[in-house]
Amino acid sequence: INEYIKKHQAVPRKIWGFDSFSGLPLEEKDIPIIKEWSPGEYNSQAVLNTTGVQDSIDQIMRSSNSPCPCEMIPGFFADSLTPSLKSEKDMRPACFIDVDVDLYISTIQLFDFIITNDLLAPTTIVNFDDWGGVEEYAGGESKAFKEIVEKYNLSYKELYGTNPDRVADPYGVVHVKKVFAIKQNKDQ
C-alpha cells in the first residue's frame, strides 16, 4: 500500500486494515477451497508469535512505516463490518482497496459492506491478491467479484493481472493477482 501511495502520489486520509487475527473463517457451503484456505489458516497471532489480537495489532502498527494514519479493525467481517462502522469511524470512499481475503464468503461480505455504505470513489482501484487458488469463477475472490459486479451494477476495467501458471509460493499456493478500476453505475 505504501508503494501504491508513492507511485500514484496519493494522499489518503487514512489507511484501514481489517483482519480477524485468528485466521480464516469457515467458507460458505459447497464453495471450493484449497487446503491452505481452511478455517484458522493464516492466524496472525501464530505467525507473529503474539499473545493476543491487540499485541498483533501493536506489532503490525510499529512496523508499518506508513506515511499516513492507520487503524486496524479486528474480527471476522461478519462481526466487524457493522451497519454503524462507517459513521463510527468517519469512513470515506476508498481510492484503493487491497483484497487479500482468499475466500468467497469474505469477499462477498467485504464488498456488500463497501457498496451498501457508499465507500467506492468515482473510480476505485481494487487489488485482488488471491484471484487464483481454485478454478477461476468457481470460488474465492474471483467468484465473489463476478457476483458483486452483477448484483451492484459495477463497471470495471482490468488494469493488471499475473499469469495463472506462475510458480507456487513456499506453501504451495499460486497467487494470481488481478487489479481493476471499478465504479458503481448508480444512474442505471
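## Exercises: salt bridges, a sheet and some cysteines

Being four residues apart in helix α7, Lys-143 and Glu-147 sit about one helical turn from each other. Keep in mind that this is a predicted model.

**Exercise 1. Work out whether Lys-143 and Glu-147 form a salt bridge, and how accessible Glu-147 is.**

*Solution.* Start with the distance: the closest N and O atoms of the two side chains are 2.9 Å apart. The cut-off is 4 Å, so Lys-143 and Glu-147 do form a salt bridge. Next, the accessibility: Glu-147 comes out at 28%, which puts it in the partly exposed class.

**Exercise 2. Find which parts of the chain are tied together by the Asp-112 and Lys-177 salt bridges.**

*Solution.* Take Asp-112 to begin with. Its salt-bridge partner is Lys-151, with 3.1 Å between the closest N and O atoms. Asp-112 belongs to helix α6 and Lys-151 to helix α7, so this pair links parts that are 39 residues apart in sequence. Lys-151 is exposed, at 53% relative accessibility.

Now Lys-177. Its side chain meets that of Asp-129 at 3.9 Å, N to O. Lys-177 is in the loop between β5 and β6, while Asp-129 is in the loop between β4 and α7, so the pair ties together parts 48 residues apart in sequence. Lys-177 is partly exposed at 28%, whereas Asp-129 is buried at 15%.

To round this off, the whole structure has nine salt bridges, and a network of them links Arg-13, Asp-90 and Arg-92.

**Exercise 3. Identify the edge strands of the four-stranded sheet, then place helices α6 and α7 on it.**

*Solution.* Write down the strand order: β3-β4-β6-β5, an open sheet with mixed pairing. Read off the ends: β3 (94–99) and β5 (154–161) each have a single partner strand, so one side of each lacks a neighbour in the sheet. On average, neighbouring strands are turned by 20° against each other, ignoring direction.

Then look inside the sheet: β4 and β6 run antiparallel and are joined by five bridges, and Asn-127 has Val-179 of β6 as its bridge partner. Helix α6 (residues 104–116) packs on the sheet and touches β3, β4, β5 and β6, its direction making about 165° with that of β4. Helix α7 lies across β3, β4, β5 and β6 too, at about 150° to β5.

**Exercise 4. Decide whether Cys-68 is bonded or free of any disulfide, and whether it is buried or exposed.**

*Solution.* The nearest cysteine sulfur to that of Cys-68 belongs to Cys-70, 5.4 Å away. A disulfide needs the sulfurs within 2.5 Å, so Cys-68 is in none. In fact, the structure holds zero disulfides. With 13% relative accessibility, Cys-68 counts as buried.

Notes. Residues are numbered from 1 along each chain as its sequence is written. This is a predicted model: local features need pLDDT of at least 70, side-chain atom pairs count only at pLDDT 80 or more; totals for chains, interfaces and linings use all residues. Side-chain values use heavy atoms; hydrogens and water are left out. Two strands pair if DSSP finds at least two bridges between them. Helices (H or I, at least four residues) and strands (E, at least two) are DSSP runs, numbered from the N terminus. Axes are lines fitted to C-alpha atoms, for helices over the stretch in contact, and angles run from 0 to 180 degrees between N-to-C directions. Contact means heavy atoms within 4.5 Å. Buried means under 20% relative accessible area, exposed over 50%, partly exposed in between (1.4 Å probe, protein chains only).
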